[in-house]
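Work through the exercises below with the model open beside you. Try each task before reading its solution.

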Amino acid sequence: MMKKLIVLSLLIFASCTSKKEVKHVAEISCGQCQLNLDSEAGCSLAVRFDDKAYFVDGFDIDDFGDAHDENIGFCNAIRKAEITGVVENGRFFASDIKLVE
């Protein structure tokens with residue numbers, strides 16, 4: 001009985017301390033060209049929600065087509081996406097991104 005109580009306590013503790021994924025409809029674009037982020041050199045994928053922009057880990061800026069396309073490229077346009085992931089250390093660790101336009 002004591003072992004079960006200890007295991008249950010550890011599981012509850014672990015679930016309270018783990019970061020939970022968030023799901024948002026957010027703006028997605030180039031962090032440097034469109035979202036005013038300057039902590040990285042070159043063009044990098046970023047998202048903005050709740051008035052805060054984050055560089056994205058887990059997806060690349062060219063995963064959704066040519067980033068420099070004149071009409072829909074992330075370096076030239078801000079688009080909308082449904083994003084799922086975790087904000088950690090000032091970055092968005094994405095597990096899923098789906099464009100909604």
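Two strands count as paired if DSSP finds at least two bridges between them. Strands (E, at least two residues) are DSSP runs, numbered from the N terminus. This is a predicted model: local features need pLDDT of at least 70, side-chain atom pairs count only at pLDDT 80 or more, and totals for chains, interfaces and linings use all residues. Residues are numbered from 1 along each chain as its sequence is written, and side-chain values use heavy atoms, without hydrogens and water.

**Exercise 1.** Trace the pairing of β5 and the barrel.

*Solution.*
- Start with β3 and β5 (residues 91–99): they run parallel, joined by 3 bridges. Here F55 stands opposite R91.
- Go on to β4 and β5: 8 bridges join them, antiparallel. T84 has D96 as its bridge partner.
- Check their hairpin: 2 residues lie between the strands, and N89 takes a positive phi near 55°.
- Add β2 (residues 45–49): 4 bridges join β2 to β3, antiparallel. R48 faces A53 in this pair.
- Close the ring: 5 strands form a barrel in the order β1-β2-β3-β5-β4, with mixed pairing.

**Exercise 2.** Describe the setting of D60.

*Solution.*
- Locate D60: the loop between β3 (52–57) and β4 (79–88) holds this residue.
- Judge exposure: D60 is partly exposed because its relative accessible area is 41%, between the limits for buried (under 20%) and exposed (over 50%), with a 1.4 Å probe and protein chains only.
- Look for contacts: the D60 side chain reaches the backbone nitrogen of D62 at 3.1 Å.
- Find S44: its C-alpha atom is 7.2 Å from that of D60, 16 residues apart along the chain.

Conventions
Polar contact = N/O pair within 3.5 Å; in protein donor to acceptor, adjacent residues only side chain to side chain.
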